[in-house]
Amino acid sequence: MADKAEKMKLRQDYRNLWHSDLMGTVTADTPYCCLACVCGPCVSYLLRRRALYNDMSRYTCCAGYMPCSGRCGESKCPQLCLATEVFLCFGNSVASTRFLLQDEFNIQTTKCDNCIIGFMFCLSQVACIFSIVACLVGSDELSEASQILSCCADMVYCTVCACMQTQHKLEMDKRDGVFGSQPMGVPPAQQMSRFDQPAPPVGYPPASYPPAQGYPPASYPPPGYPHH
């Protein structure tokens with residue numbers, strides 16, 4: 001737990017920003033956000049492959065952030081292991097891809113994004129507690145209220161996960177030059193997780209990626225980007 005807390009603290013010191021915050025993803029790429037909401041596990045599978053530059057030899061269960069990572073036979077059949085991860089541990093698969101991108105590109109999570117993600121988790125916990133209380137008390141009214149709360153929690157969960165996955169897609173679009181910049185080369189395997197290194201490698205990030213100094217650029221956010 002102390003190691004995970006230290007890693008979370010390090011991410012707060014990252015200097016770069018996501019191409020779009022969570023609230024702006026719906027307008028930034030509406031079709032993809034809808035696809036991520038309808039078929040989240042499939043999108044999570046595709047995004048993890050893309051985050052690994054389509055090189056499945058790099059794949060580790062939950063991107064190396066969970067105790068089970070490296071112990072699930074990933075090297076023998078990474079495609080099957082990834083498919084199992086996104087369907088059985090969907091939340092972890094989304095979070096792992098997020099951490100992978102953050103650690104590779106020094107991307108911080110804004111306070112607004114943290115509030116949205118925190119609200120999602122809190123609502124899910126409250127809904128779970130409410131359902132347990134309703135089961136113990138045996139009240140029909142309380143049971144109905146708990147079902148409504150659980151439904152709301154599920155809707156928020158699916159919506160936030162869809163926005164997170166769209167945010168990841170937009171960031172990789174920027175990485176791959178979809179927005180007009182020069183696409184980045186595939187980094188060495190040891191650079192995929194910045195926590196495995198005592199300090200960022202010299203010359204990182206590459207020249208094709210927005211420099212940390214003065215980031216975001218003067219033209220950021222792009223014209224028409226909603227302000228919150």
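## R98, K169 and the helix packing around α4

R98 is found in helix α6. The model that places R98 there is a predicted one. R98 is buried, because its relative accessible area is 3%, under the 20% cut-off. Setting aside neighbours within four places in sequence, R98 is in contact with W18, T109, D113, I117, M164, Q167 and H168.

Helix α6 spans residues 90-105, and A95 lies in this helix too. Is A95 buried or partly exposed? A95 counts as partly exposed, because its relative accessibility is 22%. A95 and S44 are 51 residues apart along the chain, and their C-alpha atoms are separated by 9.9 Å.

**The whole chain**

The chain has 228 residues, and 40% of them count as buried. It holds 8 helices and 0 strands. Along the sequence the pattern reads α-α-α-α-α-α-α-α. Take the contacts between residues at least 6 apart in sequence: 75% of these join residues at least 24 apart.

One stretch carries a record annotation. UniProt, in an unreviewed entry, lists residues 116-137 as "transmembrane region". In the model, residues 116-137 are 100% helix and 0% strand. The C-alpha atoms at the two ends of this stretch are 31 Å apart. I117, one of the contacts of R98, falls within the listed residues 116-137.

**K169 in helix α8**

Helix α8 covers residues 140-175 and contains K169. K169 is a charged residue by class. Is K169 buried or exposed? K169 is buried, because its relative accessible area is 15%, under the 20% cut-off. Not counting residues up to four places away in sequence, K169 touches D29, Y32, L47 and R50. K169 and R48 are 121 residues apart along the chain, yet their C-alpha atoms are separated by 10.0 Å.

**Helix α4 and its partners**

Two helix pairs involve α4. Their geometry is set out below.

| Pair | Angle | Axis separation |
|---|---|---|
| α3 (residues 30-38) and α4 | about 115° | 5 Å |
| α4 (residues 40-51) and α5 (residues 78-88) | about 135° | 9 Å |

Start with α3 and α4, which pack at an angle of about 115°. Y32, L35, A36 and V38 supply the α3 side of the contact, while G40, V43 and L47 supply the α4 side. By class, this contact has 6 nonpolar residues, 1 polar residue and no charged ones. Two of its members, Y32 and L47, are also touched by K169 of α8.

Now take α4 and α5. How are α4 and α5 oriented to each other? They are oblique, because the angle of about 135° lies between the perpendicular range, 65 to 115, and the antiparallel range, over 145. The crossing of α4 and α5 is right-handed. From α4 come P41, C42, S44, Y45, R48 and R49. They meet Q79, L82, A83, E85, V86 and F87 of α5. The residues of this contact divide into 7 nonpolar, 2 polar and 3 charged.

Two α4 residues in the contact with α5 appear in the distances given earlier. S44 meets α5, and its C-alpha atom is 9.9 Å from that of A95. R48 also meets α5, and its C-alpha atom is 10.0 Å from that of K169.

Methods. Residues numbered from 1 in each chain as written. Predicted model: local features only at pLDDT ≥ 70, side-chain atom pairs only at ≥ 80, totals over all residues. Heavy atoms only, no water. Axes fitted to C-alpha atoms, helices over the stretch in contact; angles between N-to-C directions. Helix = DSSP H or I, 4+ residues; strand = E, 2+ residues; numbered from the N terminus. Parallel < 35°, antiparallel > 145°, perpendicular 65-115°, else oblique. Left-handed = near helix turned anticlockwise from the far one by under 90°. Contact = heavy atoms within 4.5 Å. UniProt positions renumbered as here; feature names shortened; annotations may be inferred. Buried < 20%, exposed > 50% of the residue type's maximum accessible area, 1.4 Å probe, protein only.
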